[in-house]
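Here are my notes on the model you sent over. Have it open while you read, since I go point by point.

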There are 2 protein chains.
Amino acid sequence: MNRYRALVDQGLKELDWSTAQPAGLYAPMDYFMGLGGKRLRPALCLMACEMAGGEAESALPQALALEVFHNFTLLHDDVMDESPLRRGQPTVHLRYGLNAAILSGDALLIEAYRLMVQAKPELMPDLVKEFNRVALQVCQGQQMDMDFQNREEVSLSEYREMIGLKTAVLLGSSLKIGAMMGGASATDAQAMFRVGYLTGLAFQVQDDWLDVYGDPKRFGKQIAGDIKACKHNFLRVTAMQEATHEQMKHLISTFARLRTYLDQEKDEGDVQALEAQRQEWVDDTTGCYNEIGLKQKVQQYKAGLIQDARYALSRTGLNDAPLASDLMDYAEYLANRLE
Amino acid sequence: MNRYRALVDQGLKELDWSTAQPAGLYAPMDYFMGLGGKRLRPALCLMACEMAGGEAESALPQALALEVFHNFTLLHDDVMDESPLRRGQPTVHLRYGLNAAILSGDALLIEAYRLMVQAKPELMPDLVKEFNRVALQVCQGQQMDMDFQNREEVSLSEYREMIGLKTAVLLGSSLKIGAMMGGASATDAQAMFRVGYLTGLAFQVQDDWLDVYGDPKRFGKQIAGDIKACKHNFLRVTAMQEATHEQMKHLISTFARLRTYLDQEKDEGDVQALEAQRQEWVDDTTGCYNEIGLKQKVQQYKAGLIQDARYALSRTGLNDAPLASDLMDYAEYLANRLE
């Protein structure tokens, strides 16, 4: 993956918006793209291109398009979620203001399209069609995610649909678009979508797992952030599905209390006592998760997804490529990463 | 134009986002597109297609793309400008909230791309390239517009560049894309861009003129809104260019006072007196515009633009089309419209 990563970093460097005018538009784009990240989507795209028999370099514009698009979604999501930090640095709306965040995000989306269509004319219709579909689905996923925040309960299948749209389709498309650029057949490209989609689900499930069971030093986020924010993540929807009647009552009442805390006006004086109270509710919830045995259930769920991904890959003509086992190693890594 | 307008209205009706899910994403899109408007850009696109020898219907997806894109820019601009009303109705961020306004705007932009590429594969590369360029330029124009609001002075050429990007390129592209869809040569399509670009400048200049000299009942906006908001519009930048030394000093000091008013905290008690004071400054400014003879200067400037547009059209192979004079009549109408 390091080789792909180096290609991507080089390509991103060449985009260079640091001196483009008007600076009010381009400086936030440059800042945000420069915050780094795993560059997971473009790396997958380049790898899939090679697996299909192409040169990795030939899919570089599309790989960059996927990364720029991903950053567009993060930039606007940060506004919608009122996030103060992204990768440990101030988010664009805090650093440059709301208007810059909206407009620079828009420009990133347009840049993503510009990059995506840098391909042979005969590939362009399929590339644009694929990219349009995925881009709209990611918006649908973000809307579902926001809708869930006002819901009392979310089922596992609803949750899976949401993360499918918000996260997994873009990983699926990264592999599919790479495969298309490398000359894969439509059937193989679609199978690669499925490999990426299933891996993307596992990736998000692991993200949710790390929220409670991760090492904050390695994961880089505060522990139990989703519990504190009353988010219906994978742990919560699975816990609700697996809980006994008693456990369920307990989870629901604790969730309600945490939500009250969120909505509460907090005086300077009370804040420490309230904070201690909240920590108790968080510990309660985590204790309940432990009792239910979520660790093991998450492990099983991810293993099932990766197994399905492996099967999807085995059905393609790309399975014999020497890179196929590298891809599945990487999928395993993503599903089990600790950071 | 009524025939094109009917085609566009029918096409927009068929997009029908009223029942699409998730409703949190699609209802604001449906609401905003339903607020109406002149449908100017799609009508120009269809007309240009016919002028180039195509069937108007064949450019309908591109015409709709231009209208959907235009609405995307309006929706996000309303957030950035904190506008409460759009066509007399609540803006999306006031009616559905900030998050809906951001995300529904994003989805409109993606939908615009989806519609734009509904064309024969051989046309797609040029269509996408053209649309990407224009979309990015409109963002640049919006950024310049926002930058100008913090500036003491803006020159006429800077102002022309800004409205060129923010408004005129999209009108230019509407004609160009229509012409491309109708089978025009690259040279003719580019000349059509110029016709639309110059018409777009005149359109915006007239908009600025109506801010002071329009009939509020017909124009539908409050009179002198740009003066009150301390916007550097065409009237102001031209006045500053044409003013005597005395007039210039007067314009600058009144502008500074109006800006102070904008930034001021206003008590309930003072508001009427402050309002009366402000009206005096507005009247002062308008009086100064009258003295300078802006009405006539605006008339000359627009006439020059329309003459240039007419010349650009005369140089194309599309000049003999029976529709060419209809187009220029429409351009004249846009440059002199009272509503």
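The points below go from the whole chain to the pairing of the copies, and then to a few helices and residues.

1. First, the caveat: this is a predicted model, and local features are taken only where pLDDT is at least 70. Side-chain atom pairs are held to a pLDDT of 80 or more, while totals for chains, interfaces and linings use all residues.

2. Overall fold of chain A. There are 16 helices and 2 strands in chain A. With a radius of gyration of 21 Å against the 20 Å that the globule rule gives for 339 residues, chain A is as compact as a globular protein of that length. Along the principal axes, its C-alpha atoms fill a box of roughly 60 × 50 × 30 Å.

3. Burial and contact range. In chain A, 48% of the 339 residues count as buried. If you take the contacts in chain A between residues at least 6 apart in sequence, 74% of them join residues at least 24 apart.

4. How are the two copies related? A turn of 180° with a shift of 0.0 Å along the axis lays chain B on chain A, at an RMSD of 0.0 Å. The copies are therefore related as by a two-fold rotation axis.

5. The interface. Contacts run between 30 residues of chain B and 30 residues of chain A. On the chain B side, the elements giving two or more residues are α2 (23–33), α4 (60–80), α6 (98–116) and α7 (124–148). The biggest giver there is α7(B), with 13 residues. Sorted by class, that side of chain B has 20 nonpolar, 7 polar and 3 charged residues. Since 100% of the interface residues of chain B are also interface residues in chain A, the copies meet through the same surface.

6. One of those interface elements, α6(B), is worth a look by itself. Its 19 residues should span 27 Å at 1.5 Å a residue, and the end C-alpha atoms are indeed 27 Å apart. Is α6(B) mostly covered or mostly open? Mostly covered: 18 of the 19 residues of α6(B) are buried.

7. Helix α3(B) passes the length check too: 12 residues should span 16 Å at 1.5 Å a residue, and its end C-alpha atoms are 16 Å apart. As for burial, 12 of its 12 residues are buried, so α3(B) is largely enclosed by the rest of the structure. The buried residues of α3(B) include R41(B) and E50(B), alongside L40(B), L44(B), L46(B) and others. What do they pack against? The partners are α1 (2–15), α4, α8 (156–181), α9 (186–213) and α16 (323–336) of chain B. After α3(B) comes G53(B), with a positive phi near 100°.

8. The core. The largest nonpolar core has 212 residues, and A179(A) and A179(B) touch the most other members. Leaving out residues up to four places away in sequence, A179(B) touches A48(B), C49(B), M51(B), A52(B), A184(B), D188(B), A189(B), M192(B) and L318(B). Among these partners, A48(B), C49(B) and M51(B) are buried residues of α3(B).

9. Lastly, a loop residue. G34(A) sits in the loop between α2 (23–33) and α3 (40–51) of chain A. Buried, exposed or in between, where does G34(A) fall? With 13 other C-beta atoms within 10 Å, G34(A) is partly exposed. Its C-alpha atom is separated by 36 Å from that of L258(A), which is 224 residues apart from G34(A) along the chain.

Conventions. Residues are numbered from 1 along each chain as its sequence is written. Chains are lettered from A and ligands numbered from 1 in the order in which they are written. Copies are superposed by least squares on the C-alpha atoms of residues with pLDDT of at least 70 in both. Two residues are in contact if their C-beta atoms, placed from the backbone, lie within 7 Å. Helices (H or I, at least four residues) and strands (E, at least two) are DSSP runs, numbered from the N terminus. Ala, Val, Leu, Ile, Met, Phe, Trp, Tyr, Cys and Pro count as nonpolar, Asp, Glu, Lys and Arg as charged, and the others, Gly among them, as polar. A residue is buried if 20 or more other C-beta atoms lie within 10 Å of its own, exposed if 12 or fewer, and partly exposed in between; C-beta atoms are placed from the backbone. The radius of gyration is taken over C-alpha atoms; the globule rule is 2.2 Å times the number of residues to the power 0.38. The expected span of a helix is 1.5 Å times one less than its number of residues. A nonpolar core is a set of buried Ala, Val, Leu, Ile, Met, Phe, Trp, Tyr and Cys residues joined through C-beta atoms within 7 Å.
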